[in-house]
Amino acid sequence: MKTHLLQQHARRLRWATLSAGALLALMVLGGIALPGNGVIRVTGEGLPYVWNIVTSAIVVTLAVLSLVSLAAMLRAIGAGDVFARPMTRSFHRFALLYLLSILADLLLPPMVQLGLLFANGGHGLVSVGVDNARVLSLAVAALLFFIARLFDEAQRLEEDSRGIV
Amino acid sequence: MGIVVRLDLMLALRKVRSRDLAAHVGITESNLSLLKSGKVRGIRFATLAAICEYLNCQPGDILVYDPDVPDEP
């Protein structure tokens, strides 16, 4: 792919990523602000409504921040900084925030349940569920870290190449 | 690394301007300046050949190994 085409695609993808992040944030905010409107509903795993909102807000904040990092990476590519330090750094941040959002989605509900259980004197149950989608998401996050390492190597080669006249 | 670039000396000996050499080789003047000061990681054979052609010299006239020269940090 020619460089200017790559830059053009990166710029378009950046706007799509930012739009997706904004839409995600708006949907969750809408679900929190307008509960029970039948269109958007914030659900949790047996948690009280307030705790549903708190855990959802944390997960979505991490997810939106990861999309912002992805957009920053695409902006660097759009500016012609392919395999430059700003691009690889943004991709690292994206992979980390994506992993954190998945881990938060997976671990926060049972942690809150555990906390509430202790607060209630130890009576009740804590449900921990790992479904296929979450396992797949974790695998994708691990793959993103591997790709980030590849980008680091590509950046090193790019810097070497720039130093050769 | 111990490699010393003596391009400045050859340019002076041949009475050639950096700008003319850069234009002939097809690199920017800033890259040629980096090459003259030895602040590059390497030099392509094509670049070296073009420099030797223009200055009518051998690679050994431009690049010299000196074990006393310290490595670049």
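**Nonpolar cores and aromatic rings**

In this predicted model, B:Leu55 touches B:Leu7, B:Met10, B:Leu11, B:Arg14, B:Val16 and B:Leu21, leaving aside residues up to four places away in sequence, where contact means heavy atoms within 4.5 Å. Local features need pLDDT of at least 70 and side-chain atom pairs count only at pLDDT 80 or more, while totals for chains, interfaces and linings use all residues. Residues are numbered from 1 along each chain as its sequence is written, and side-chain values use heavy atoms, with hydrogens and water left out.

**Nonpolar cores**

- The largest nonpolar core (buried Ala, Val, Leu, Ile, Met, Phe, Trp, Tyr and Cys residues joined through side-chain atoms within 4.5 Å; buried means under 20% relative accessible area, exposed over 50%, partly exposed in between, with a 1.4 Å probe and protein chains only) has 20 residues, and B:Leu55 is one of those with the most contacts inside it.
- Helices H1 (7-14), H2 (18-25), H3 (29-36) and H4 (45-55) of chain B each supply at least two residues of this core, helices being DSSP runs (H or I, at least four residues) numbered from the N terminus.
- H4(B) gives the most to this core, namely five residues.

**Aromatic rings**

- Over all chains, the whole structure holds four aromatic pairs, meaning rings of Phe, Tyr and Trp (its six-membered ring) with centres within 6.5 Å, counted as stacked with planes under 30 degrees apart, edge-to-face over 60 and tilted for the rest.
- A:Phe83 and A:Phe151 form an edge-to-face pair, 5.7 Å centre to centre with 65° between the planes.
- A:Phe83 is partly exposed at 29% relative accessible area, whereas A:Phe151 is buried at 18%.

Note on methods
Chains are lettered from A and ligands numbered from 1 in the order in which they are written.
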